[in-house]
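Here is a briefing on one protein chain and its ligand. Keep the structure open while you read.

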Amino acid sequence: MTGTYAGLQSVIWTGDKLDLLDQRLLPEEIVYLPLTSAEDVWEAIRHLKVRGAPAIGISAAYGVVLGSSSATTLEEWSAAVQKEAEYLATSRPTAVNLFWALDRMKAAASRFVESGLTLESCKEALIQEAIAIQSEDEETNRLIGEHALTLFKDDMGVLTHCNAGGLATAKYGTALAPFYLAKEQGMNIRVFADETRPVLQGARLTAFELQQAGVDVTLICDNMAGMVMSKGWVDAVIVGTDRVAANGDVANKIGTYSVAVLAKAHGIPFYVACPLSTIDLGTPTGADIPIEERGAEEITEGFGKRTAPEGVKVFNPAFDVTPHEYVTAIITEKGIVRAPFEENLRKLFEA
Ligand code: MRU
């Protein structure tokens, strides 16, 4: 991308605090929350003020910086980094980018101490590590967008679910990156955005950021995807992911699995876009991915309006797993991976 992308930045490090775009308020209000502690960051992640796998990881990295900044000795600082990283890891369970970023921050801190840096230099180097996580994500997404765009042609219809855009990452997004790139190159891609019950990331965030960028986007309810596909309006599906297991099974926002089954039934390719930091070779299959369950109120009285009887039993998993048989390809910054996924995902980390 040439830099014409002008989407809102979800995470901004100001030098001594984190200004976080409150994504719960979008698209109605654009409010940045000043976060000054690891507790603030934990709370923001847990309550979806910041959401999307890469953005969660980036925020948590700054959370470690904030939580360890008041240490007065090297020992105290090292202990605080470990403790705050462990604490932030309890904010949400599914997106592996959270744990990836926290592990990277812990490893960096140990390296800085071992190399003999002073306390002040260690603190500064840790800030730089968090900044690097954020800026590398931006570059990674640009590359994902370039690879993904090779799969699309002018005037194609592409359906997406949830929000894997600039708001969910440092910039550009993963699944939405090719749409921005296409726009820059004068290509027209007709995007269908599922509204994504129950928290409406598709309606509130994807439709918002694509519309702001002038991308041709049509919002549909989740239960319309099959109908839209049956009309021949969808040539491909592209989604982001919170964790890819070693065998290529993909965890993403609840409803993604249904979209993948529908895509297969209609002979439509189903693509998944993600950075290598979302691929977890330590998790053998989708069945091993921890799936977050969220509060019943997201379904019974989402956005303050009661839409179900008091006391009704509710099941509210935030994610589902799409088995790798439904995945046509996984698009990463290192290129496009196809089956056999077990073997080809492993090769990404060997090169
Ligand atoms: O609950 P959320 O909004 O954090 O879920 C987000 C998703 O499922 C995204 O599709 C995923 O994190 C990929 S973001 C590039």
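The points below go from the ligand shell to the sheets and helices.

This is a predicted model. The ligand has 18 residues around it. The record marks an active site at Asp 242, and Asp 242 is buried. Two open sheets are described, one of seven strands and one of three.

**Ligand shell**
- Arg 51, Ala 53, Ala 164, Gly 240 and Lys 253 come nearest to the ligand, out of 18 residues around it.
- Helix α2 (53–68) supplies at least two residues of the shell, and so does strand β9 (250–253).
- By type, the shell holds seven nonpolar, eight polar and three charged residues.
- An unreviewed UniProt entry annotates a "binding site" at Arg 51, Gly 52, Ala 53, Arg 92, Gln 201, Asn 252 and Lys 253.

**Gly 52 and Ala 53**
- Gly 52 is found in the loop between α1 and α2.
- Gly 52 is buried because 29 other C-beta atoms lie within 10 Å, where 20 or more is the cut-off.
- Beyond four places in sequence, Gly 52 touches Asn 163, Ala 164, Leu 167, Ala 168 and Thr 169.
- Ala 53 is found in helix α2.
- Ala 53 also counts as buried, with 29 C-beta neighbours inside 10 Å.
- Leaving aside neighbours within four places in sequence, Ala 53 is in contact with Ala 95, Asn 97, Ala 168, Asp 242 and Thr 278.

**Asp 242, the annotated active site**
- The "active site" annotation on Asp 242 comes from UniProt, in an unreviewed entry.
- Asp 242 is found in the loop between β7 (236–239) and β8 (243–245).
- Is Asp 242 buried or exposed? Asp 242 counts as buried, because 31 C-beta neighbours lie inside 10 Å.
- Not counting residues up to four places away in sequence, Asp 242 touches Ala 53, Thr 94, Ala 95, Ala 251, Asn 252, Thr 278 and Phe 319.
- Two of these contacts, Ala 53 and Asn 252, carry the "binding site" annotation in the UniProt entry.

**The seven-stranded sheet**
- The sheet is open, its pairing is mixed, and its strand order is β6-β5-β4-β7-β10-β13-β14.
- β6 (217–220) and β14 (335–337) are the edge strands, and each pairs on one side only.
- From one strand to the next, the twist averages 25°.
- Four bridges join β5 (residues 190–194) to β6 in the parallel sense.
- Within that pair, Ala 193 stands opposite Leu 219 of β6.
- Helix α7 (residues 201–212) packs on the sheet and touches β4 (157–160), β5 and β6.
- The direction of α7 makes about 160° with that of β5.

**Tyr 271 in the same sheet**
- Tyr 271 has its place in strand β10 (residues 270–273), and β10 is one of the strands in the seven-stranded order.
- Tyr 271 is buried, with 22 other C-beta atoms within 10 Å.
- Which residues does Tyr 271 touch, not counting those up to four places away in sequence? They are Ala 148, Leu 151, Ala 236, Val 237, Ile 238, Thr 328, Ala 329 and Ile 331.
- Tyr 271 and Asn 344 are 73 residues apart along the chain, and their C-alpha atoms are separated by 15 Å.

**The three-stranded sheet**
- This open sheet runs in the order β1-β2-β3, with antiparallel pairing.
- β1 (11–13) and β3 each have a single partner strand, so one side of each is left without a neighbour in the sheet.
- The twist averages 25° from one strand to the next.
- β1 and β2 run antiparallel and are joined by three bridges.
- Ile 12 has Asp 19 in β2 as its bridge partner.

**Helices α1 and α6**
- In helix α1 (residues 38–46), the buried residues are Ala 38, Asp 40, Val 41, Trp 42, Ala 44 and Ile 45.
- Their cover includes β2 (18–21), β3 (32–35), α2 and α3 (74–88).
- Just after α1, Leu 48 takes a positive phi of about 65°.
- Helix α6 (residues 177–184) is largely enclosed by the rest of the structure, because six of its eight residues are buried.
- Those buried residues are Ala 177, Pro 178, Phe 179, Tyr 180, Leu 181 and Ala 182.
- The buried residues of α6 pack against α5 (119–149), β5 and α7.
- Gly 186 follows α6 and has a positive phi, near 80°.

Conventions:
Residues are numbered from 1 along each chain as its sequence is written. This is a predicted model: local features need pLDDT of at least 70, side-chain atom pairs count only at pLDDT 80 or more; totals for chains, interfaces and linings use all residues. A residue is near a molecule or strand if its C-beta atom, placed from the backbone, lies within 6 Å of it. Ala, Val, Leu, Ile, Met, Phe, Trp, Tyr, Cys and Pro count as nonpolar, Asp, Glu, Lys and Arg as charged, and the others, Gly among them, as polar. UniProt positions are given in the numbering used here, feature names are shortened, and annotations may be inferred rather than shown by experiment. A residue is buried if 20 or more other C-beta atoms lie within 10 Å of its own, exposed if 12 or fewer, and partly exposed in between; C-beta atoms are placed from the backbone. Two residues are in contact if their C-beta atoms, placed from the backbone, lie within 7 Å. Two strands pair if DSSP finds at least two bridges between them. Axes are lines fitted to C-alpha atoms, for helices over the stretch in contact, and angles run from 0 to 180 degrees between N-to-C directions.
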